[in-house]
Amino acid sequence: VRFAFTEEQLLFQQALAELLAKECPAEALAVAWRSEDGRVPGLWGKLAEMGVLGLLVPEAHGGLGLDELDVVLLLQEAGRAAAPEPLLESAAVATPLLRELGGALAARWLPRLASGEAIAVAGLESTPLVAGAPEADLLLLERGGELHALERAQVRLVPQPSVDGGRRLAEVHWEPTAGTRVVAGPRARELAAAAFERGALGAAAQLIGLGRAMLDLTVEYARKRHQFGQPIGSFQAVKHHLASAHLKLELARPLVYHASYSFVHDWPTRARDVSTAKAQVSDAAQLCARVALQCHGAIGYSYEYPLHLWLKRTWALARAWGDAAWHRARVARLLLDG
Amino acid sequence: VDLSYTPQEERFRAEARAWLEANVPRDLPPLDSAEGFPLHVEWERKLFADRWAVVSWPRAYGGREASVIEWLIFEEEYYRAGGPQRATQNGIFLLAPTVFEFGTPEQKDRILPAMAAAEVLWCQGWSEPGAGSDLASLTSRAERVESGWRLYGQKTWCTRGVFSDRLFGLFRSDSASQRHRGLTYFLVDLHAPGVTVRPVDKLDGECGFAEVFFDGAFVPDSDVLGGVGRGWEVAMAATGSERGLTLRSPGRFLAAVTRLVELCRRQRAGADERLRERVVQAWMDAEAYRVFTLEAVSRIAQGEPMGPESSLMKVHWSELDVALHETALDLLGPLAELAPAAPAAVERGAWLRGYQFALAGPIYAGTNEIQRNLIAERILGLPRK
C-alpha cells in the first residue's frame with residue numbers, strides 16, 4: 001500500500017493550479033458568467049497546451065495516454081478554481097468513452113479533442129440535461145441501450161440556463177438512426193455505466209476542490225473580520241462550524257482517490273466505491289457551502305462577493321451524476337440486498 | 001497510488017486470521033466487571049505468549065516488529081474475529097508510545113514487557129475533580145523527598161483503576177508553578193501505602209472507573225518519565241495516539257458496521273428506507289475512516305508525523321460509533337431496551353452495551369468540543385483569542 005500520488009502527478013496538479021490562478025481568477029469568472037458562452041477566452045487552448053485535455057487520449061492519438069487516477073488531482077484544481085469550462089464533460093467523460101469505443105470515430109476525434117480543437121460531451125439516459133452540450137462539436141448519446149454519435153448539426157439543443165453561469169446545460173433533441181449508432185447490446189450498457197461513473201468521480205473530484213476553496217476563503221475572512229473587538233474566527237461557534245466542515249471534507253477526500261483506483265483496476269467493489277465517494281463528497285461539499293455562507297454573513301450573500309460562484313457550482317455538481325441520496329440508495333442495494 | 005497489499009502483508013493477514021479464529025474466546029462477561037476482567041487478562045496472556053499482543057513492538061519486548069500497515073491488518077482481523085476489548089489497552093496504546101519516546105533503557109526494559117504480558121496493568125490519571133477539559137488546571141502535587149517524591153491529591157475517571165496495578169499521570173512538582181509549567185509525569189504503584197482506590201460505576205452500572213486518592217504515596221526517581229518539570233510536553237507528545245488510530249483503529253468499526261449490516265439484512269422486511277439509509281451512512285463512514293487511515297499511514301510510513309490530524313480521526317470515529325449504535329437500537333425497536341439477561345435480548349444485549357460504550361467516545365480522550373477547537377486552531381489556523 002502506497003496511498004500517495006507521485007511526484008509527477010503532484011507537479012502536474014501544481015502547474016494546473018498556477019495556470020488557473022493566473023488565467024481564471026474570480027474576476028475572470030465573474031466576466032465569464034455574464035458572457036454569451038460562459039467561458040474564459042483562451043483558457044481552453046492553454047489547457048490543451050498543458051496536456052490536460054489529452055490526458056486520457058492515447059499517445060498514438062496525440063494525448064498523454066494516462067488514466068483516471070491521473071485526472072483526479074487536476075479536476076480537483078478545476079473545482080478549486082470553479083473553472084467554467086466543460087473540462088469534466090469533455091476531457092474526463094466523453095474522451096475516455098471515445099477511447100473505449102475505438103475505431104474510426106475515435107481516430108477521427110481524439111486528436112482534435114487532445115488539441116482543444118473540438119469538444120465532446122456524453123448524454124446518458126440518466127442525465128437528461130447535458131452540461132457542455134452548447135459548446136460541443138460531438139455528442140455521444142445513449143438511448144434504448146445503444147450509444148450513438150452525432151455532430152452538433154445533427155441535434156437540436158434547447159438551452160436550460162443553470163444557476164451556475166459557468167455551466168451551460170441543454171436538452172438534446174435527436175433521432176437515432178443506423179448511421180448514428182456506434183454500439184449496442186451489453187457492451188453499450190457497460191460503456192454507458194463506465195461513463196456515468198467517470199462523471200460521478202470527476203464531479204466528486206471537483207467538489208473536493210470547491211469545498212476546499214470555500215473553506216480557505218472563509219478561514220481567511222474569519223481571521224480578518226472583527227466584531228466585538230476580535231476576529232470572528234476566534235469565536236468557538238465559528239470555529240466549530242469550520243472544523244466540522246473541514247472534517248467532513250477531509251474524511252471524504254481520500255474516498256475519491258480510492259474509488260478512482262478501484263475504477264482503474266476494475267475492482268469487484270467498483271460501483272460501491274464510486275457511489276460511496278460521490279455520496280460522501282457531495283454531502284461534505286454542501287456542508288462546506290452552507291458553513292462558508294453562514295460564517296461570511298451578509299457579505300457572502302451578496303452577488304458582488306465571489307463566494308456565490310463556488311456555492312452555485314457546488315449546488316450543481318453535488319447533484320450532477322447522481323446526488324448523495326441516489327448513490328446511497330445504490331450502496332444500499334449492493335450492501336443490503338445482494 | 002498503490003492500494004494493493006504485498007504478498008508479505010497477505011501472509012501476515014492469513015496467519016493472524018488463522019490464529020485468531022482458532023483462539024478468540026467467545027462470550028466473555030464485560031471487561032469492566034469482577035467476573036469478566038480476569039478472563040480478559042487471561043486472554044491477554046495468551047495473545048502475548050504467541051506474540052500477538054503488541055505486533056508492532058520490537059521483538060525484545062514481545063512484539064513481531066510489524067509495519068504500521070500490518071498493525072492495521074491485525075486490528076481488522078482482531079475485530080473481524082470478534083476479539084474482546086483489550087484489558088491492556090491503556091498501557092499498550094496510551095502509555096507505551098510515551099515510554100518508547102521518553103523512557104530510559106531501564107524503564108523500557110522494566111515496563112514494556114510486563115505491560116504487554118498483562119503482568120502489570122495500567123490505568124491513566126489525568127482528570128481531577130476540578131480539572132477535566134482544562135487539564136492544565138490540575139492541582140495534585142508531588143513533594144521532593146530523599147531519592148523520590150511524595151504525592152498528594154486526587155485523580156478521577158481512572159478507567160479500570162480498580163483492576164489496575166499502576167497509574168500514569170501528571171502531578172504538579174513545582175508548587176510555585178502555574179498551568180502547563182512545573183508538571184511532572186509520574187508512574188505510580190497503586191498498591192503502595194498512601195494510595196486509596198475507590199470504585200466508581202459508569203453509565204452501564206459496571207465498575208469501569210476509579211477515583212484515586214494520594215496521601216503521601218512515595219514514588220522513586222526511577223518512576224519519573226521524561227524528566228522533572230517536563231510533564232506537559234511528555235504527556236502531549238502521545239495524545240495523538242490516544243485520539244487517533246492506535247486507540248480506535250478502523251478495524252473495530254468495520255467489524256461493528258458489518259454486524260449492523262447483518263442485523264439490517266435479517267430484518268429486511270421490517271427495515272424502512274430511512275433506517276436502511278442510516279445503515280448505509282454508518283457503513284460509508286466506517287469505510288471513510290478506513291480509507292482516510294490508509295492515506296495517513298502512508299504518510300507516517302514516509303516519515304511524516306501524525307500531527308493534529310488525530311483530532312479529525314477522534315471526532316469522526318466517536319460520532320460514527322454513536323450513530324452506528326443508535327441505528328442498531330432503532331432497528332431493534334422495542335427489543336432495544338432489553339438488558340443482557342432478558343431472554344428475548346438480541347445478541348445478549350450487545351448493541352445496548354455497545355451504545356453505552358460508544359456514548360463515552362465524544363467525551364474521553366479530549367472532548368469533541370476541544371478537538372474541534374484544535375482542528376480550527378492547529379489545522380485551519382484560526383486565532384486562539
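How many nonpolar, polar and charged residues does the lining of the second largest cavity have, by class? Hold on to that one, I'll get to it in a few minutes. Hi everyone. Just so it's clear from the start, what we're looking at is a predicted model.

Okay, let's start where the two chains meet. Chain A puts 45 residues in contact with 45 residues of chain B. The area buried between chain A and chain B is about 4400 Å², and carbon and sulfur atoms give 64% of that. If you want to find the residues of chain A that lose the most area to chain B, look for V1(A), F3(A) and L336(A). Together those three make up 19% of what that side buries.

Now for the charged and polar pairs. Between chain A and chain B the count is four salt bridges. One salt bridge you can click on joins the side chains of R328(A) and E277(B), at 3.2 Å from N to O. On top of that, I have 22 residue pairs in polar contact between chain A and chain B, both partners at pLDDT 80 or more.

So which elements of chain A give two or more residues to the side that touches chain B? They're α7 (185–224), β9 (230–231), α8 (236–264), α9 (270–296) and α12 (324–336). The one that gives the most is α8(A), with 16 residues. And by class, that side of chain A has 22 nonpolar, eleven polar and twelve charged residues.

Right, on to the empty spaces inside. The count here is six cavities of 30 Å³ or more. The largest cavity holds about 140 Å³ of space. Its lining comes to 18 residues, and the ones nearest the centre are E85(A), P86(A), E89(A), G166(A) and R167(A). Both α5 (87–101) and α11 (307–319) of chain A supply at least two residues of that lining. By class, the lining of the largest cavity has six nonpolar, four polar and eight charged residues.

And now back to my opening question. The second largest cavity has about 80 Å³ of space. Among the residues lining it are L56(A), E68(A), V71(A), V72(A), L75(A), R198(A) and S260(A). Here α4 (68–80) and α7 of chain A are the elements that give two or more residues to the lining. And the answer is: seven nonpolar, two polar and two charged residues.

One last thing to look for on the screen: α7 of chain A gives residues to the lining of that second largest cavity, and α7 also gives residues to the side of chain A that touches chain B. That's it from me, thanks!

Technical notes
Residues are numbered from 1 along each chain as its sequence is written. Chains are lettered from A and ligands numbered from 1 in the order in which they are written. This is a predicted model: local features need pLDDT of at least 70, side-chain atom pairs count only at pLDDT 80 or more; totals for chains, interfaces and linings use all residues. Side-chain values use heavy atoms; hydrogens and water are left out. Contact means heavy atoms within 4.5 Å. Buried area is the accessible area (1.4 Å probe) that two parts lose on being put together, summed over both. A polar contact is a pair of N or O atoms within 3.5 Å; within protein, one must be able to donate a hydrogen and the other to accept it, and residues adjacent in sequence count only if both atoms are side-chain atoms. Helices (H or I, at least four residues) and strands (E, at least two) are DSSP runs, numbered from the N terminus. Ala, Val, Leu, Ile, Met, Phe, Trp, Tyr, Cys and Pro count as nonpolar, Asp, Glu, Lys and Arg as charged, and the others, Gly among them, as polar. On a 1 Å grid over the protein atoms alone, a cavity is a set of points where a 1.4 Å probe fits but cannot get out, and a pocket is an open set with protein on both sides within 12 Å along at least five of seven lines; lining residues have an atom within 4 Å of a point. Grid points are joined across faces, edges and corners, and a volume is the space filled by probe spheres set on the points.
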